[in-house]
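Thank you all for coming; I would like to walk you through one structure this morning, taking it piece by piece. Please have a look at it on the screen before I begin.

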Amino acid sequence: MNAKHVPQVYVDKAGVMRWNDSHKEAPFYGVNYTLPFAHAYRVIDYFNIDHKAAIDRDVYHISRLGVNAYRIHIWDVEVSDNEGNLINNHHMELLDYLIAQLQERGIYTLITAQTNFGNGYPERNIQTNGFAYLYDKCDIHSNPKAIKAQSKYLNDLVSHVNPYTGKAYKEDPYIVGFEINNEPCHSGTEDDVKSYINQMLSSINATGNTKPIFYNVSHNQYVVAAYYDTPIHGTTYQWYPLGLVGGQTRRGNFLPYIDAYHIPFSHVKGFDTKAKLIYEYDPADNLATYLFPATARTFRKAGFQWVTQFTYDPIDMAYGNTEYQTHYLNLAYTPGKAIGMKIAAEVAQQVKRGQDYGVYPADTLFGDFRVSHNEDLSELNSTTKYFYSNSTSTQPKSANKLVAVAGCGESPLVKYEGTGAYFIDQLDKGVWRLEVMPDAVVVNDPFAKPSLDKEVVRIVNGKWDMILNLPDLGSQFTVSGINKDNHRNTTSIDGTIPTLEPGVYILQSVKSKSKQLWTADKKWNHILLGEYVAPTPSVSTNYAIAHTAATMAEKDEPLFVEATIVGPQMPDSVWIFTDKVSFWNTHNPSYKMNRVKGYTYRAEIPINELQGDNFKYNIIVANDAKMQTFPGNNDMNTLSLGYAQGVIGNPLDWNYTHTSFWTTPLCVAQTPILLFTAANPNDRMDTYCLPKWENVVQQIDATDPMQLPVYKVRFDNNNAENLFVLRKFVGDVVNARHQKTQNAQSLYMRLTSIPTNMNVGFITTNGITYLSNQYIVTNDDCMGVLIEIPLHTLQQTRTALVPYAYPDFLSQWFETKDEVAFNHSDIEFFELNTDSPEININTIWLD
């Protein structure tokens, strides 16, 4: 595109980013992506992969998500010397190349000039001659020598000429503007901060720059007024509504967490004259597909015009999610989440700035969009576009007018067992481009401690039938492979493409009158028709299983065991062996697991097998006379996360020595529903303190044989307003005892003493909290205090938004305006809150 035809962005007097040709609002939505720097750069080196080729692959996928924004915080330690001179090295060359490639796809860039921290994470820092390594981050904005180096660096960077575009950054219309630094750490007064910012502005403007300049205002709240008393054009914020680095996949309904973004300093003089940008955000530590669109809606309500998620994982290293353990986004490896990102990009363009759809749950339907926690689903359903992040039964509004379909799973338009994303785009009347990604199957918790030696998502080139129900295409159409080495040419059978493999295909109705030639090198929008990028399928010769044993099963009902199983090919058979099998037995109880759909297998364990206190079992995968048994002794650290890698062999081998099983406790229907017991040394609760964190110690005290074990929680207590919160996910327990849950009348707790001002109850799958402070002491003896909380006393109340969000000025509470009736079967979390810093619990149950 000729640069003279590319509009540029300016900020008007009301703090609105606008295009300089039409003067219309300029909304942006996209991603951060860091391959030119730090860990990502090094890993590509470790794998001996060409960095530019890796960038090409990722830029193509990023463009398929429909985004128009890219933000990078430059690791200044990798591109500067100790005096602040910009070094034109390989890192800068790759950044220049990346910016140019993004421009070819119509994607704009925001440059954050400096990070002022090391380049190591998650590895150790690699020392360079960069100026930032000479100073502490909280000193670098006030030390005169450091300020001088930054001034020189900013001047060089803004003036830097990109050899791939032929333009200096300050002149490139695809560069929206510059953020001075990433998450500054100020330690001086308001005057010191203003002086620093003004010096940086002077350095940038001395180059002749006319682009907007932005500054972070979500840090250093004590000097917030100073930010607005400078001539910066806009302000930048972040949002991590679920905290960071949880260490495992978080569970729960997080829609209340992303329902509002209230800025408490919006009254500060000058606030309304500055543009508002989100430089980073991510509902971290989960693979949920419904969160991105809801977050984009909230950002637009709050008036943000630039939103970039942190961060998009390079495809060549996404198998291990090592770049940032707490974040995970890649079209190939997190397909549902990526389609959610594509829907969010549409939200950013369609929802007007400041538009208010109310308070959750009312705002789960907004415009052409819908989000659902229970279905793990986000949707765009407009006259021309139909996108869904997970299987949906929602009928398209106008199937005969659609020009674009994108999804994961199945819908009224697409029947498909594969787990990868797909895109179906109309090229002409009766002609469509179908792009199918390979299957992605989670085999380890992506948010646990990472390693390049650990695969968290396995890629499989599945071959599944795809049945299309597109009125414009009809039930008879030709199917022509168009990407490299894809030579398939066939005809559909009643709308079915049999054994479809990943790739790109031109689908043409037998009734189509289109005369165009749809060749691989033909340009369409910002891509070539034959472009296709996918990871190399996993080379592992072993199987992996995702499975969690039921937390409890009733003996008078069959037990259904379900698992996701993936390997080098579909298994010949899958079996469940109980702990009663033996090499020496003539009869060994076993139950075949049948494939239900995709990679999901299920078996029914009959009632007569459910004897004793526990049902213990292995899953055996058989293929080509090779047996693999799950779990193995090596899996004990990952079973609680729901994953197993297994061992070669099976329990009927004479030399099989593993003693690991999945275990489901058994009970009769009348048994109370156990939610927590200190008798289980692995039973723990999440602990929080509001409004600010206090140190906490948790331990199980089982030292006195005359006393029941006690779970002891001890918080420091340095604030008279402290509220201490204990939470535990119990949704799995409740679901396992559905009928008993429905009939439950009371919640029971055995404590050593009753905490003061205690409230106890549940959070439901709706994300709504119900608590009670009414209880009956039914027993008080040497074994502790037994209290009963009748469930009818639970009252809907506000929900504590923990773990803590960043930035920390956001509200810690959510309260819906709707009255939502408490439903026993919707219980997801147990909660206890109190102003007592000491809580001692023995047992919690429903009955």
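Let me start with a question: is Q305 buried or exposed? This is a predicted model, and in it Q305 is buried, because its relative accessible area is 1%, while the cut-off for calling a residue buried is under 20%. Q305 is found in the loop that leads from α7, residues 291-301, to β12, residues 306-309. If we leave aside residues up to four places away in sequence, Q305 touches G15, V16, M17, E25, A26, P27, F28, K276, R300 and R353. With one of these, E25, there is also a polar contact from side chain to side chain, at 3.4 Å.

The strand that follows this loop, β12, belongs to a closed barrel of eight strands, which runs β3-β4-β5-β8-β9-β10-β11-β12 with parallel pairing. On average, neighbouring strands of this sheet are turned by 30° against each other, when direction is ignored. To take one pair from the barrel, β9 (residues 213-216) and β10 (residues 234-239) pair in the parallel sense over three bridges, and N216 has T236 in β10 as its bridge partner.

Now to the helices. Two packed helices are described by the angle between their axes and the distance between the axes. For α4, residues 144-159, and α5, residues 190-205, the axes come within 8 Å and cross at roughly 35°, and the crossing is right-handed. On the α4 side the contact is made by I147, Q150, S151, L154, N155 and V158, and on the α5 side by Y196, Q199, M200, S203 and I204. These residues divide into six nonpolar, five polar and no charged.

In the loop between β5 and α4 we find P122, and the peptide bond that joins Y121 to P122 is cis, with omega near 0°. A cis bond also joins L690 to P691, with omega near 10°, and P691 lies in the loop between β42 and β43.

Further along the chain, β49 (residues 776-781) and β50 (residues 784-790) pair in the antiparallel sense over five bridges, forming a hairpin with two residues between the strands.

Finally, what is phi of N525? It is near 55°, a positive value in a residue other than glycine, and N525, which sits in the loop between β28 and β29, is exposed, with a relative accessible area of 56%.

Methods
Residues numbered from 1 in each chain as written. Predicted model: local features only at pLDDT ≥ 70, side-chain atom pairs only at ≥ 80, totals over all residues. Heavy atoms only, no water. Pairing = 2+ DSSP bridges. Helix = DSSP H or I, 4+ residues; strand = E, 2+ residues; numbered from the N terminus. Axes fitted to C-alpha atoms, helices over the stretch in contact; angles between N-to-C directions. Left-handed = near helix turned anticlockwise from the far one by under 90°. Contact = heavy atoms within 4.5 Å. Nonpolar A, V, L, I, M, F, W, Y, C, P; charged D, E, K, R; others polar. Buried < 20%, exposed > 50% of the residue type's maximum accessible area, 1.4 Å probe, protein only. Polar contact = N/O pair within 3.5 Å; in protein donor to acceptor, adjacent residues only side chain to side chain.
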